[in-house]
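Subject: Structure for your review

Dear colleague,

Please find below the structure that I would like to hand over to you. My notes on it follow the display.

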Amino acid sequence: MELGLGVRIRIGGGRRLRFGAEFRNFDYYYTNYYNNNNNWYFMSNTYKKQHKQQHWRSSSNSSSHVDKVKDSRQHSSSVSALSSTSTGIQDHIPIPIPPIADQAEESMQAEDKHAIRIRRRPPTGPPVHYVGPFQFRLHTPDHANPRNILEQILWDKDSQLTLMKERQPLAVLQRLLPGAPPVRDFVQALKDSYHTTGMPALIAELKKASPSKGLLRPNFDPVSIAQAYQKNGAACLSVLTDEKYFQGSFENLHAIRSAGIKCPLLCKEFIIDAWQIYYARSKGADAILLIAAVLPDVDIKYMIKICNMLGLAALVEVHDELEMDRVLAIDGVNLIGINNRNLETFEVDIFNTKRLLEGGRGRIITQRDILVVGESGLFTPEDITFVQNSGVQAVLVGESLIKQEDLGKAIAGLFGKEISVRT
């Protein structure tokens with residue numbers, strides 16, 4: 001039903017409802033979504049009559065039901081990599097509410113205090129909203145346009161993943177894992193370097209280009225760069241694998257690992273699907289990046305479980321206090337990256353690290369022995385000292401190193417001295 005300004009009310013599986021006589025009978029059109037086997041079915045009239053009063057009580061607090069279905073849908077998508085088993089319809093069925101489309105899910109998340117900030121795929125229609133049992137669409141002019149470069153990257157990534165998963169299904173990747181090189185301890189390598197040098201451990205990044213700065217290193221040989229980083233004190237390496245915007249590749253990751261580089265490798269990818277974690281592991285990754293601005297809490301939780309199952313470390317990246325609080329509420333997080341780049345303006349402020357590590361957050365991190373990595377805006381020894389004094393034990397640095405011809409001098413210049421302890 002249209003309610004002016006493009007507002008349309010739908011009930012259940014998209015059935016339009018006219019006010020009047022049909023309004024009194026709208027409960028006959030409810031449908032329920034069963035997440036385990038993605039099966040639509042209509043409820044029996046008997047069931048509806050038995051639970052009519054319960055439904056009205058529940059629908060008055062519909063936001064909690066939306067959250068439950070939203071979490072259930074996200075849980076199903078995340079753990080699909082772990083199991084493909086489907087079950088039938090259970091005897092005790094939740095009170096029915098209208099189905100939630102992907103774009104509605106993301107729209108509601110944007111308003112929720114635990115929400116992701118970046119839409120992972122373009123919406124297929126105007127955002128869907130709910131009031132009680134009703135579903136309606138609000139027509140906004142820019143809903144289908146990416147709001148920043150990170151959204152554009154993720155939307156393209158979503159399309160790329162569809163093709164990659166068709167070429168190499170998860171079952172194929174799982175058969176490749178026994179032949180993958182053994183996982184190295186990424187977190188322990190950072191701790192060892194920190195305790196040996198007394199300075200933040202270096203995660204040196206191999207980044208050929210970036211969307212904002214363009215080509216950073218024309219003469220880009222990933223193996224020789226990795227060797228130079230390792231020789232001059234890098235504890236771990238970060239390898240960009242996005243092709244379109246960073247001119248990276250998973251083949252670079254595989255080549256570095258195959259060359260005998262001892263530094264553990266972080267797969268620097270925009271992960272939105274569990275399939276990518278398996279793919280990174282098959283190419284020799286020891287750790288992967290999870291971006292809190294992109295992934296809802298439920299996805300972070302289950303992706304961490306997948307990492308634990310595969311032996312990988314998960315660097316969970318945050319940008320602000322809200323994301324830090326979300327991540328600290330998740331069990332199993334032992335490696336947090338603080339990115340000093342603002343997602344809206346893309347300005348860099350290293351004081352962001354200090355803000356996020358002050359007070360209670362810093363105490364929680366210390367109590368849990370979480371290792372914190374400083375990211376973005378680190379160019380001088382003074383920058384390194386500042387973030388170290390703020391509570392950082394490792395730094396991830398790319399641009400200020402990769403643009404310089406002599407990588408050994410670049411690392412020494414960043415830290416104010418040579419940090420290599422390798423012979």
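The notes below concern a helix pair and a strand with its neighbours. Please bear in mind that the model is predicted.

Helix pair

Two packed helices are described by the angle between their axes and the distance between the axes. Helix H8 covers residues 222-231 and helix H9 covers residues 250-258; their axes lie 9 Å apart and form an angle of about 55°. Angles that are neither under 35 degrees, nor over 145, nor 65 to 115 count as oblique, and H8 and H9 are therefore oblique to each other. The crossing of H8 past H9 is right-handed. On the H8 side, the contact is formed by Pro222, Val223 and Ala226, while H9 contributes Asn252, Ala255 and Ile256. Sorted by class, this contact of H8 with H9 comprises 5 nonpolar residues, 1 polar residue and no charged residues.

Strand S15 and its partners

Strand S15 spans residues 371-375, and 5 of its 5 residues are buried, so S15 is largely enclosed by the rest of the structure. In a regular strand the side chains alternate between the two faces of the sheet. In S15, Leu371, Val373 and Glu375 point one way, whereas Val372 and Gly374 point the other way.

S15 runs parallel to strand S14 (residues 335-339), to which 5 bridges join it. In this pairing Asn339 stands opposite Glu375 of S15. S15 also pairs in the parallel sense with strand S16 (residues 394-397), over 3 bridges. Here Val373 is placed opposite Ala394 of S16.

Yours sincerely

How values were computed: Residues numbered from 1 in each chain as written. Predicted model: local features only at pLDDT ≥ 70, side-chain atom pairs only at ≥ 80, totals over all residues. Heavy atoms only, no water. Axes fitted to C-alpha atoms, helices over the stretch in contact; angles between N-to-C directions. Helix = DSSP H or I, 4+ residues; strand = E, 2+ residues; numbered from the N terminus. Left-handed = near helix turned anticlockwise from the far one by under 90°. Contact = heavy atoms within 4.5 Å. Nonpolar A, V, L, I, M, F, W, Y, C, P; charged D, E, K, R; others polar. Buried < 20%, exposed > 50% of the residue type's maximum accessible area, 1.4 Å probe, protein only. Pairing = 2+ DSSP bridges.
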